[in-house]
Amino acid sequence: MPAYFSYEYRAVDGIEEFASLLTELEQDRSRFIIRGQLADDVDAETPMRRRLYRNDRSEPIESPFLDVSTTWVMIDIDKLALPRGMSVREDTLASVEYAIGILPAEF
Amino acid sequence: MFWQLSGSAGVFDDGHVSAHLYYWLDKPIANDVLKQWAKGCDRRLVDPAVFNAVQPHYTAAPLFGEGCVDPFPDSRSGLIKKANAAVCLEVRQLAAESKQARAASHNTLDLNDDRVGGFSNILATLGDHDGGSGFNEPLLRAVASYVSKVGGKKLSSRKIG
């Protein structure tokens with residue numbers, strides 16, 4: 001992974017716009033998303049490190065991201081065993097639904 | 001919610017699912033609060049490490065080299081529309097709730113419990129009415145959602161009726 005990254009901000013409002021963005025990003029292996037927000041004094045056009053903001057930083061690009069509240073979360077489901085007879089290849093949507101059903105009730 | 005299968009999903013075995021589940025919240029929530037909330041959840045399901053401002057969330061579809069077969073050639077992601085477009089996380093309440101209390105509530109879950117939103121919502125799409133999704137897919141999804149909630153517990157005839 002490189003030490004310095006280029007930055008792009010994309011505003012989305014709601015799960016449908018967020019889904020559109022994520023679908024678009026599926027085709028681009030050079031990008032990922034983070035929850036942080038770029039500090040005001042950082043030049044967005046300059047490659048920067050992926051580090052949290054620090055008051056004692058030497059340069060803004062060395063610690064550019066603020067830890068802010070966000071309106072999205074990602075739950076990472078890793079190798080969840082499916083019920084016997086269920087196949088993630090054959091029953092993809094049902095497998096996802098199974099995982100959702102195991103999450104806390106809010107989801 | 002938006003789901004996206006992980007790069008390894010279905011590659012080595014198809015009896016497990018690995019996926020990223022994205023949700024929109026009804027209000028912005030700080031990473032520290034989410035980490036506290038995650039402590040009350042099953043660590044195998046909710047990894048608090050992702051609630052970090054600079055943690056990369058990889059979104060690109062995997063590449064399969066020569067000789068490798070993509071197990072999901074058509075689509076590996078999708079949007080599932082829920083009754084509520086945004087999730088309301090009662091983070092303070094959940095943080096205070098004990099694991100034992102959560103386990104107890106899980107064991108007494110039934111189909112009439114409002115918290116079984118997935119199951120009820122899926123059943124609402126069953127049929128060929130306006131907005132319906134037919135029969136096979138909603139039934140399969142509903143069963144998967146139910147099994148994930150109650151596991152191997154026997155369904156009583158009262159609940160079926």
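How exposed or buried is Arg10(A)? I looked this up before anything else, bearing in mind that the model is predicted. Arg10(A) comes out as partly exposed, at 35% relative accessibility.

**Salt bridges in chain A**

I then checked the partner. Glu8(A) makes a salt bridge with Arg10(A), with 3.3 Å between the closest N and O atoms. Glu8(A) is partly exposed too, since its relative accessible area of 46% falls between the 20% and 50% cut-offs.

Next I pulled up Arg31(A), which pairs with Glu24(A) at 3.8 Å between the closest N and O atoms. Arg31(A) has 27% relative accessibility and counts as partly exposed; Glu24(A), at 37%, is partly exposed.

Asp78(A) and Lys79(A) form a salt bridge as well, their closest N and O atoms 3.6 Å apart. Here Asp78(A) is partly exposed at 46%, whereas Lys79(A) counts as exposed at 54%. I also traced shared partners: Glu8(A), Arg10(A), Glu24(A), Asp28(A) and Arg31(A) are joined into one network of salt bridges. Over all chains I get 14 salt bridges.

**Chain B against chain A**

I turned to the interface. It brings 69 residues of chain B into contact with 63 residues of chain A. The buried area is about 6,300 Å², and carbon and sulfur atoms give 65% of that. On the chain B side, Val17(B), Trp24(B) and Leu45(B) lose the most area to chain A, together 13% of what that side buries.

For polar links, I find two salt bridges across the interface. Lys81(B) and Glu16(A) meet through their side chains in a salt bridge, 3.5 Å from N to O. The polar contact count between the chains is 25 residue pairs, both residues at pLDDT 80 or more. I asked which element supplies the largest share of the chain B side: β2(B) does, with 13 residues. By class, that side has 44 nonpolar, 15 polar and ten charged residues.

**Nonpolar cores**

Last, I looked at the packing. The largest nonpolar core has 50 residues, and Ile75(A), Leu21(B), Tyr23(B) and Trp37(B) have the most contacts inside it. Elements giving two or more residues include α1, β4 and α2 of chain A, and β1, β2 and α1 of chain B. β2(B) gives the most to this core, eight residues.

I followed Leu21(B) further. Beyond its neighbours within four places in sequence, its contacts include Val73(A), Ile75(A), Val96(A) and Ile100(A) in chain A, and Phe2(B) and Trp3(B) in chain B. Apart from the largest core I noted another of seven residues, among them Leu38(A), Ala39(A), Val42(A) and Met48(A).

Notes:
Residues are numbered from 1 along each chain as its sequence is written. Chains are lettered from A and ligands numbered from 1 in the order in which they are written. This is a predicted model: local features need pLDDT of at least 70, side-chain atom pairs count only at pLDDT 80 or more; totals for chains, interfaces and linings use all residues. Side-chain values use heavy atoms; hydrogens and water are left out. A nonpolar core is a set of buried Ala, Val, Leu, Ile, Met, Phe, Trp, Tyr and Cys residues joined through side-chain atoms within 4.5 Å. Buried means under 20% relative accessible area, exposed over 50%, partly exposed in between (1.4 Å probe, protein chains only). Helices (H or I, at least four residues) and strands (E, at least two) are DSSP runs, numbered from the N terminus. Contact means heavy atoms within 4.5 Å. Buried area is the accessible area (1.4 Å probe) that two parts lose on being put together, summed over both. A salt bridge is a side-chain nitrogen of Lys or Arg within 4 Å of a carboxyl oxygen of Asp or Glu. A polar contact is a pair of N or O atoms within 3.5 Å; within protein, one must be able to donate a hydrogen and the other to accept it, and residues adjacent in sequence count only if both atoms are side-chain atoms. Ala, Val, Leu, Ile, Met, Phe, Trp, Tyr, Cys and Pro count as nonpolar, Asp, Glu, Lys and Arg as charged, and the others, Gly among them, as polar.
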